[in-house]
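The following exercises concern ligand contacts, backbone geometry and surface exposure. Please inspect the sequence and the model before reading each solution.

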Amino acid sequence: MKVSIIGTGYVGLVTGVCLAEKGHQVICVDVDVEKTDKINRGVPPIHEKGLEDLLRRNLGIRLNATTDLETAVLETDVTLIAVGTPFDGSAIDLTYIQNAASQIGTALRSKSAYHLVVVKSTVVPGTTDRVVRPLLEEASLKKAGVDFGVGMNPEFLTEGEAIQDFMCPDRIVLGGMDDASLLALEQLYSVFPGVDVVRTNNSTAEMIKYTSNALLATMISFSNEIGNLCSALGGIDVADVMKGLQLSKYLSVVQPDGTRLKPDINGFLWAGCGFGGSCLPKDVKALIAHGESVGRPMPLLKAVIEINEEQHQQVLIRLHKHFDSLHGVHIGVLGLAFRPDTDDMRESPAIPIVKELLSRGAVVKAYDPIANDNARKILGNGRFQTCDSLTQAITDVEAVVLVTSWREFKTLPESLAGINPQPVVIDGRRMIEKNSIARYEGIGL
Ligand code: NAD
């Protein structure tokens, strides 16, 4: 099929290169000419494992990028909307979605053939039918269900594993306003045979995405709340508690041969310094606000956010066990991105942690394998410096704070071995064996 994708960020670009790899003809559209230029030169504007290879393999054959939305829509059969949907402090901000819908609608005015418009961005239930569809009709002067179809296809990829997630999806959720929309969507996804598909209406598809993210966020805040209680009670290590919990037959099925299936969901049942990223915080907040707007408050999810917003304080509390004041204290921060294998700093717990350290007078040097550049744009260059290696970040510091669970940080005990005196280590991800470090502090310990 011929597909145009509006918005060439993490989701749009990954979707574009993967659909091209699967044989579709893809045009990636963005308002940012720097991004489209880079893509057309075979340089991904974001860091994502395997993205560059796939981009280069398909570029000029089945994929190109442009800022010309109208031509892209006219030359394709399906248009996916993958623009950002930030939270504006009180509700989901649909400005980008609305602009994209109006622009697509205007382009559709001069198209005679049937076209399918699909929302891939995460939007609160009702948005596709009640916001996107009317804007498309208004701008195109055409009728949805007759001249064009409207669908909703949420994306479940995880940054850092995005290509793998897209190419081998765990599920495909297809929402549609009618059978024709669903049929066209099914054709688009027929290149993923054997994957479980949920075929439903647009609002349900929208809700599936929020429900999925809300569950993950809830599991993390639940683990953090338990961890904070373990610390307060003393003599209990939340890491052991969670290991014990995860051995429940409900969380890791015992197979007939005695081995266990260890589902990835257990990774969310683990205490740490909080969740971040471009999705979990904003999506949970948007769902809460949406619930309130229809008179259905969501106290459980509100608590999930409140716990998360406080969680980085656990790092500060542990530092203050060793330093009355952080003024002039040299601290090495390990990890800046919100999760490993990405350079994405959006809502990373590293931001409030570093800001608090700086506001208390600490001198901070940080190392992230790929997010250093993005971090400097957010955290400045004063008493905050980035380092080129783990060794540099832990040398000549009095404390080390581990924020992102990059695999490379597993080597911290060996890297610290030659250093004297030993800095205190605050393990914000509970990823280091506590007895392998002389002065160890962990969340929930
Ligand atoms: P992003 O900010 O990385 O990319 C959005 C892109 O859209 C930007 O490049 C921007 O320039 C472009 N854009 C905005 N308006 C445009 C317009 N009118 N025409 C053309 N381009 C336009 O965002 P993202 O992280 O890719 O997220 C996109 C959506 O997907 C969001 O709703 C997000 O919640 C959802 N989502 C994100 C992830 C993730 O891990 N990042 C995962 C699943 C779902």
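**Exercise 1.** Does Arg430 count as buried or exposed, and at what relative accessibility?

*Solution.* The model is predicted, so that local features need pLDDT of at least 70 and side-chain atom pairs count only at pLDDT 80 or more, while totals for chains, interfaces and linings use all residues. Residues are numbered from 1 along each chain as its sequence is written, and side-chain values use heavy atoms, with hydrogens and water left out.

Step 1. The classes are buried (under 20% relative accessible area), exposed (over 50%) and partly exposed in between, with a 1.4 Å probe and protein chains only.
Step 2. Arg430 has 8% relative accessibility and therefore counts as buried.
Step 3. Arg430 belongs to the loop between E13 and strand E14 (440-442).

**Exercise 2.** Determine the sign of phi at Arg430 and at Asp341, and state the form of the peptide bond from Asn420 to Pro421.

*Solution.*
Step 1. Most residues other than glycine have a negative phi, and most peptide bonds are trans.
Step 2. Arg430, although not a glycine, has a positive phi of about 50°.
Step 3. Asp341 is likewise not a glycine and has a positive phi of about 70°. Its loop runs between strand E9 (330-334) and helix H14 (350-359). Asp341 is buried because its relative accessible area is 18%.
Step 4. The bond from Asn420 to Pro421 is cis, with omega near -5°. Pro421 lies in the loop between helix H17 (412-416) and strand E13 (424-427); helices (H or I, at least four residues) and strands (E, at least two) are DSSP runs, numbered from the N terminus.

**Exercise 3.** Describe the surroundings of the ligand: how many residues surround it, and which are the closest?

*Solution.*
Step 1. The ligand is surrounded by 26 residues, of which Asp30, Lys35, Thr85, Glu159 and Lys282 are the closest; a residue is near if one of its heavy atoms lies within 4 Å.
Step 2. Helix H1 (10-21) and helix H5 (95-108) each supply at least two residues of this shell.
Step 3. A polar side-chain atom of Thr85 lies 2.5 Å from a ligand oxygen atom. For Asp30, a side-chain N or O atom is 2.6 Å from an oxygen atom of the ligand. A side-chain N or O atom of Ser278 is 3.3 Å from a ligand nitrogen atom.
Step 4. The protein buries 90% of the 840 Å² that the ligand exposes when taken alone, the areas coming from the Shrake-Rupley method with a 1.4 Å probe.

Key. A polar contact is a pair of N or O atoms within 3.5 Å; within protein, one must be able to donate a hydrogen and the other to accept it, and residues adjacent in sequence count only if both atoms are side-chain atoms.
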